[in-house]
Amino acid sequence: MNRRDFLTGAAAGLGAACISPNLGSALEVPATPKPLAHDRVTLGKTGIVTSRLAMGTGTIGYGGGSNQTRMGALIALLLKGYGHGLNFFDTADSYGSHPEVAAALRQIPRDKAVVLTKCDSRDPAEAKADIDRFLKELNTDYIDILLIHCVTEDDWTTRYRGVMNVFSEAKAQGKIRAHGVSCHSISALRAAAASPWVEVDLVRLNPIGAVMDDHPDTVTDIVRQMRAQGKGIIGMKILGQGAMRHRQDEAIRYALRRDVLDAFTIGAENEQEQQDLIQRIAAA
């Protein structure tokens, strides 16, 4: 065999090896890891690293109470979730769940937990007093994420500039790590997308548009703009406030596969529901 024949044969052999099903794992393309509830994700450019799934504490939450607080076993549920790798605590003044979150925080390292809470005050002086009260109620030196709660106005970035300034001052003082808004109208969401002040946005998203600001495609387009700016995006109403209770797998797949959410919050009401959510996310 001359040199030319040898090289031609060697090249053909290599080509056959590359397409051989018996080559083994050396040339196999690794599968994309499945997303898990306890995966650590970073919220935009905030530098805050949290679990993909947040433990919601505000199902039917208003007036200082929620399904979670009313059941009387929230502390144990939060600690059980933490044991499964969920370190994201989603609370709010109006849910009345600060005491339970504080009790859970006493039993885990504070720097291992991420706490998000929400302020309903629209008056700057009241918002400033609220922040100090929240710190005491949560028994913490700082709040990871503080949001202006349930904003609907299209001009909220002008109307509530005083509250925004209070939040910015609190961040400068180390009382909070990031600030933002929870949006409850499409006009408020568009204003949030246009505002450089918003570092984190809590947005309603599910495939059927239940309890949402607009059609899911419209919301998704706006959220993509926000992500491109480096805002941290957290999804809520993933199950449409119960409208998708019997279509949970579809809702969870939608939240994971739209590729617009850094994390999302769902409020389990007992350990069985919590474990079921963890398993469904893994299966999705």
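A cavity is a set of points, on a 1 Å grid over the protein atoms alone, where a 1.4 Å probe fits but cannot get out. Grid points are joined across faces, edges and corners, and a volume is the space filled by probe spheres set on the points.

This is a predicted model, in which local features need pLDDT of at least 70 and side-chain atom pairs count only at pLDDT 80 or more, while totals for chains, interfaces and linings use all residues. Residues are numbered from 1 along each chain as its sequence is written, and side-chain values use heavy atoms, leaving out hydrogens and water.

**View 1. The largest cavity and its lining.**
How many cavities of 30 Å³ or more are there? The count comes to 1, and the largest cavity has a volume of about 80 Å³. Its lining (residues with an atom within 4 Å of a point) is made of 14 residues, and Met-55, Gly-56, Ile-266, Ala-268 and Gln-274 lie nearest the centre. Strand S3 (53–56), helix H3 (74–83) and helix H11 (271–283) each give at least two lining residues, with the largest share, 4 residues, coming from S3. Helices (H or I, at least four residues) and strands (E, at least two) are DSSP runs, numbered from the N terminus.

**View 2. The largest pocket.**
A pocket is an open set of points with protein on both sides within 12 Å along at least five of seven lines. Here, the largest pocket holds about 780 Å³ of space. Of its 34 lining residues, Gly-58, Thr-59, Lys-237, Gln-241 and Gly-267 lie nearest the centre. H11 gives the most to this lining, with 4 residues.

**View 3. The two sides of helix H5.**
Helix H5 (residues 124–137) has 14 residues. Which of its residues are buried (under 20% relative accessible area, with a 1.4 Å probe and protein chains only)? They are Ala-127, Asp-130, Ile-131, Phe-134 and Leu-135. These residues cover an arc of only 135° around the axis (taken from the directions from the helix axis to the C-beta atoms), which puts them on the same side of H5. The face turned away from that side carries Ala-125 and Lys-136, which are exposed (over 50%).

**View 4. The ends of H5.**
Look first at Asp-123, which caps the N-terminal end of H5: a side-chain oxygen lies 3.1 Å from the backbone nitrogen of Ala-125. Just after H5, Asn-139 takes a positive phi of about 55°.

Methods. The expected span of a helix is 1.5 Å times one less than its number of residues. A polar contact is a pair of N or O atoms within 3.5 Å; within protein, one must be able to donate a hydrogen and the other to accept it, and residues adjacent in sequence count only if both atoms are side-chain atoms.
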